[in-house]
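Please open the structure in your viewer and keep the selection tool at hand, since this tour moves from one residue to the next and says what can be found at each stop.

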Amino acid sequence: MIIKSSIDYMFESQFSGLHHKYKLGFEYSESEFPKKNAQYYFNHIGALSQKNCDAAYVLARCYYLGNVVDADVVKSIYLYNKAAELGSSAAKNFLKNSGIPSLADYPECLHEQIIRASNGNSKSMHSLGVAYMNGVHEGHVVPKSIPDAISWLEKSCLAGSSEAIQDLIEILICQTSKKDSLLRWLKWGADQNDYFCLNLLADSYRTGFCTEKNIELCKQYMIAAINVGRKEMDVLDTVIRLVVLYSNDSDWANVEHWSLVAISDGCKDHRVYSSLGKLYFSVPNKKDYKKAQSFLEQAIQYGSLCSFYTLANLHVASGNQQKALDNFELAHKHLEHLHSQEAVMITKLHLAQLYCSHGTNEQKEYVHDLLKPLCDQNNPSALHTMALYYLNKDSFGVRDGRFAVYWSEKAANAGVGNAMFNMALFHADKRHSAYCETCYTFAEKWAQKAVEAGVDGADKVLLFAKNEKRKKQELHNNSASGNSSKDKKISKFGEEVADAGVDSLLDFIF
């Protein structure tokens, strides 16, 4: 009887003013149970709650509503679950109607988090998601469940957690079947101005992961990430990646802007400095060789091996051939770091040309090996350089005119105007007769091509070849008619050559 009356009192204390009260066999009015005895009955019910479903239920209500004792939702849910376990239909109905899950379905170490999460606590939802993701919670083993982890993390995000989104994205990235969900949550996080999501969404549009490639959207999300994170975190890495994107697109205005932003933030990434070096070297309205050289040298200092190539080209443009040679040598040592096959080709070609013009005798010996692979690809500049290499080889070795003619003809057939001019000279000048047939017909043909290619001096060689050809024909005709040599007609141009007192075409023209 005492048990029932104490439970009855506690229940009445929670619902005073209601006409229909929960009774456990006796009718009492509130006046029969003075408030001063409330703590006594509370303690009494507490002792009974572990074995009496009604006591557990009343105690749960006390904690839930804050009657007699301070409200404690966690304890109240524990007690509701205990009451339901002991058979209280009221407790079962409460749990069912409130949407609070049965703790019996969860590991004991998660009970507190389940209760708090069920009452809308986003941090607890996050903790549950992490627990199911990692299979552990506060040192206790938890059955690992990716679906449960995703479910709780999604709930946590929607409940306002600013931290759960990163763990959710981390899981979804690893789930190949969840790409649509990944993109949806990345966009959701981006809409919440989450720096992490903005960055990853930018990368997704850059790489085409879980969506179609879209470089413009990539840039937009990168800029948004920088604007969001600038005051709170280090956004330098995002700025650098943005510089690289703009550099790849040759968007030099944005390259300059974001590179200077990166440098102002203390950037020491070689990609930023090499981009500025290229900008000030190659963009017409921005050319500043002094700035370009400074940035390229800093890029090299910070590890940019490909900047040797750009710096070498800069020295070629500024006329410093020795520095150009030195930097092309360094670029050649690191060919694997050059950004394109064209850069590899130019490095080998320029290095060969500089070896020919400014290299030591030892360096010149490497010219053939540098040019041969390019000549095999029928590279016109390489073919012409190879010809000049053999033509001028007597400055450091034995000149080989046969190879000079061989490579010159290949270069001329590949469309090199100067090679056409040289072929005309080879055939017109008897000093080359040891390795090239003197033939004014061939000389005329190549000189005509050189004229059409716009080569300076080619018109003089063409005129000479025509006159020599005509002269030869006249001599042949006179010989056939029996005229003596003094009656031979000599063309005007031939007379000029004779009057000049020289023996060769080269001496006369040049």
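Select His-137 and then display what surrounds it: if you leave aside the neighbours within four places in sequence, His-137 is in contact with Cys-109, Leu-110, Gln-113, Ser-127, Ala-131 and Val-142. Keep in mind throughout the tour that you are looking at a predicted model. With the cartoon switched on, you will find His-137 in strand E1, which covers residues 136-137. Is His-137 buried or exposed? Its relative accessible area is 8%, and because buried means under 20%, His-137 counts as buried.

Next, select Tyr-64, Leu-65 and Val-73 together and turn on the surface, where these residues form a nonpolar patch whose accessible area together is about 220 Å². Now keep only Val-73 selected, and you will see that Val-73 belongs to helix H4, which is made up of residues 73-86. The relative accessible area of Val-73 is 32%, and so this residue is described as partly exposed.

The last stop concerns cysteines. A disulfide is a covalent bond between the sulfur atoms of two cysteines. Select Cys-436, which is buried, with a relative accessible area of 5%, and then add Cys-439, which holds the cysteine sulfur closest to that of Cys-436. Why is there no bond between Cys-436 and Cys-439? The two sulfurs are 8.8 Å apart, which is too far because a disulfide requires sulfur atoms within 2.5 Å. By this cut-off, the count of disulfides comes to zero. Finally, select Cys-356, which is partly exposed, with a relative accessible area of 27%.

Terms used. Residues are numbered from 1 along each chain as its sequence is written. This is a predicted model: local features need pLDDT of at least 70, side-chain atom pairs count only at pLDDT 80 or more; totals for chains, interfaces and linings use all residues. Side-chain values use heavy atoms; hydrogens and water are left out. Helices (H or I, at least four residues) and strands (E, at least two) are DSSP runs, numbered from the N terminus. Buried means under 20% relative accessible area, exposed over 50%, partly exposed in between (1.4 Å probe, protein chains only). Contact means heavy atoms within 4.5 Å. Patches are made of residues with over 30% relative accessible area and no salt bridge: like charges are joined within 9 Å, nonpolar side chains (Val, Leu, Ile, Met, Phe, Trp, Tyr) within 5 Å. Accessible areas come from the Shrake-Rupley method with a 1.4 Å probe; for residues, only the protein chains shown count as cover. A salt bridge is a side-chain nitrogen of Lys or Arg within 4 Å of a carboxyl oxygen of Asp or Glu.
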